[in-house]
Amino acid sequence: MKSLSLILALGIFALPLTGCVVNPVTGKSQLSVMSPEQEVAAGAQNYVPAQQSQGGQYTVDPGLTAYVQRVGKKLAAVSDRPDLPYEFVVLNNDVPNAWAMPGGKLAFNRGLLIYLEDEAQLAAVIGHEIVHAAARHGAQQQTRNILMGAGVLLAGIAVAEKSPEYGALGAGALAVGSQAWQAKYGRNDELESDEVGMKYMAKAGYDAQAAVELQEIFVKLSEGRNTGFIEGLFASHPPSQERVAKNRQHATKYPGGVRNKEAYQKAIAQLTKDKKAYENYQKAQKLAGEKKYIDAMAYVDQSIAQQPKENLFWEMKGQLFLQQDKTNEAVTALDRAIQANPGYFKPYVFRGIAYNQLKKNDLAEKDLLTSQRYLPTQIAAYYLGEVSSAKGNRAQAAKYYQQAAEGGGEIGEAAKGKLGKLQ
Ligand SMILES: [Zn+2]
C-alpha cells in the first residue's frame with residue numbers, strides 16, 4: 001500500500017507536466033492534477049476499501065444488484081465517457097446515499113433505493129453520479145484526499161483490556177466509514193451533474209421529470225431527520241429548492257420517456273418485504289448503544305426471524321454475545337454472518353477477537369488477516385499483536401503493535417503499552 005501511494009504521490013508532483021486537459025463533458029479546457037489513467041487507478045484501488053467501510057455489498061438479494069447494473073450500463077453507454085471501466089454496486093447501508101469515485105466506480109445504498117418509486121428515479125441517481133465521474137469532478141481535491149488515506153490504517157474503534165466495549169465498537173466502526181471516503185463536490189459540480197444527468201436519462205429513454213422528483217425526495221428527507229442519518233447523503237449532495245427549480249426548468253427540454261415503475265418495484269420487492277426487519281435492527285442498535293443488551297438481543301432476534309440471510313443481523317447478535325462474555329455463542333452467530341456474506345471484513349474482526357479470547361490463536365490469526373485483506377483496521381492490527389504475542393512471536397507482535405500505535409487514539413495507547421512490555 002505504502003509504495004503504491006508513494007508512486008501516486010510522485011505522480012501529483014509531476015503534475016505541471018501533464019497540465020491542461022479537455023473536460024470530456026463540457027468540452028472546455030481545465031487544469032487537472034491527475035491524468036485520466038491515474039484517476040482510473042485511484043478509483044480502482046480505493047473502490048473495495050470504500051465499500052467495506054460503508055457496510056459492504058448487499059447480498060440478501062443479488063437480483064437487485066444485477067438490476068442496478070443493467071440500468072447503470074444503459075446510462076454509461078450514452079454518457080460522454082462510455083469507455084470508463086464502470087462498476088455499480090448496492091451497499092448494505094441504511095443511510096440514503098449514493099456516490100461515484102473517479103474512474104466510474106459507483107455505489108448505491110440500499111437505504112436510498114427503498115425511497116425511490118420507479119426506474120426513472122433510479123436512472124436520475126445513476127445519471128447524476130455518472131456525470132461526477134465522466135466530468136472528472138473528483139479528479140482534483142478528492143483524489144488527493146483518497147491518495148493521502150491510501151496507506152493509512154483506519155482508526156476509530158476503541159478497545160478495552162478484555163473485550164471491546166459495545167458502544168465504542170459500533171459507533172467507532174461507523175465513524176471509520178465516514179472518514180474513509182466521502183464525496184464532496186462544489187455547488188457548480190452538483191448543478192452540472194443534475195443537468196447533464198438528465199440529458200443521459202433522456203438519451204437512454206427515461207422521463208427526465210424523475211430527476212425533479214428525486215430532488216424533491218431529497219429535500220423532504222432532509223427535513224425532520226436526525227443529522228447522523230442524513231449526514232452522508234447531504235454532505236455529498238446538498239438538496240435545495242434551487243436545485244428543484246433548476247431541474248424543473250431543464251426537464252422541459254426532454255419531454256416523454258419511460259418510468260418503468262413495475263420493474264423497479266419488482267426489483268426492490270425483497271427490500272420492501274424486509275423493511276420491518278431493518279427497522280428492528282435499527283432499534284437494536286439504539287438499545288445496544290444505551291447498553292440495554294438484553295432488549296437489543298430481543299429485537300435482533302426478531303430481525304433474524306424475519307430475514308435470516310442478512311449478515312448484519314447475525315453480526316450484531318455475535319457482538320451482543322461477545323459483550324456479555326458468551327464467547328462460544330458469539331462464534332456461532334458470527335459463523336452465520338460470515339456464511340451469509342463471506343466478503344465483508346467486520347465479522348472476521350469480531351470472530352478473530354472471540355477466538356483470541358478462547359485461546360484458539362491460529363483461527364484468530366486467520367480471521368484477523370482475512371479482515372485486513374478486505375479493509376486494514378487498527379483494531380485488527382492490535383489483536384494480531386495479541387495473537388502473535390500469545391504464540392510467542394515477539395518480533396511479529398511488535399510489528400503489529402507498532403502499526404496499531406501509529407493509528408493513535410485509545411487503541412494506539414493500548415498498543416504502545418503492549419510495545420513497552422515487549423521490550
Ligand atoms: Zn452529486
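These exercises work through a predicted model of a single chain.

**Exercise 1. Overall make-up**

Task: State how many helices and strands the chain has, and what percentage of its residues are buried.

Solution:
- Start with secondary structure. The chain holds 23 helices and five strands.
- Next, burial. Of 423 residues, 49% are buried.
- Last, contacts with a separation of 6 or more. Residues 24 or more positions apart supply 67% of them.

**Exercise 2. The nonpolar cores**

Task: Find which members of the largest nonpolar core touch the most other members.

Solution:
- The largest nonpolar core has 54 residues, and F108, A123, I130, M201 and A211 touch the most other members.
- Helix α6, residues 119-134, gives the largest share of this core, with 10 residues.
- Another core of 50 residues lies apart from it, and includes A277, A330, A333 and A397.
- Now take I130. Beyond four places in sequence, I130 contacts L75, A76, S79, A100 and Y200.

**Exercise 3. Packing of α4 and α6**

Task: Classify the arrangement of α4 and α6: parallel, antiparallel, perpendicular or oblique?

Solution:
- Take the geometry. Helix α4 spans residues 62-77, and its axis lies 10 Å from that of α6, at an angle of about 50°.
- Apply the cut-offs. Roughly parallel needs an angle under 35 degrees, and roughly perpendicular needs 65 to 115.
- The two helices are therefore oblique to each other.
- Add the hand. The crossing of α4 and α6 is right-handed.
- List the contact residues. From α4 come V71, G72, L75 and A76; from α6 come E119, L122, A123, I126, G127 and I130.
- Sort the residues of this contact. Seven are nonpolar, two are polar and one is charged.

**Exercise 4. A lysine in α19**

Task: Decide whether K346 is buried or exposed.

Solution:
- Locate the residue. K346 lies in helix α19, residues 345-357.
- Count neighbours. K346 is buried because 28 other C-beta atoms lie within 10 Å.
- Check a partner from elsewhere in the chain. E315 is 31 residues away in sequence, and its C-alpha atom is 8.0 Å from that of K346.

**Exercise 5. Two positive phi values**

Task: N260 has a positive phi. So has D325. Which loop holds N260, and is N260 buried or exposed? Which loop holds D325, and is D325 buried or exposed?

Solution:
- N260 is not a glycine, and its phi is near 50°.
- The N260 loop joins α12 (241-251) and α13 (261-267).
- N260 has 20 C-beta neighbours inside 10 Å, so N260 counts as buried.
- D325, also not a glycine, has a phi of about 60°.
- The D325 loop runs between α17 (311-323) and α18 (327-340).
- D325 has 11 other C-beta atoms within 10 Å, so D325 is exposed.

Conventions: Residues are numbered from 1 along each chain as its sequence is written. This is a predicted model: local features need pLDDT of at least 70, side-chain atom pairs count only at pLDDT 80 or more; totals for chains, interfaces and linings use all residues. A nonpolar core is a set of buried Ala, Val, Leu, Ile, Met, Phe, Trp, Tyr and Cys residues joined through C-beta atoms within 7 Å. A residue is buried if 20 or more other C-beta atoms lie within 10 Å of its own, exposed if 12 or fewer, and partly exposed in between; C-beta atoms are placed from the backbone. Helices (H or I, at least four residues) and strands (E, at least two) are DSSP runs, numbered from the N terminus. Two residues are in contact if their C-beta atoms, placed from the backbone, lie within 7 Å. Axes are lines fitted to C-alpha atoms, for helices over the stretch in contact, and angles run from 0 to 180 degrees between N-to-C directions. Angles under 35 degrees count as roughly parallel, over 145 as roughly antiparallel, 65 to 115 as roughly perpendicular and the rest as oblique. A crossing is left-handed if the near helix is turned anticlockwise from the far one by less than a right angle, and right-handed if clockwise. Ala, Val, Leu, Ile, Met, Phe, Trp, Tyr, Cys and Pro count as nonpolar, Asp, Glu, Lys and Arg as charged, and the others, Gly among them, as polar.
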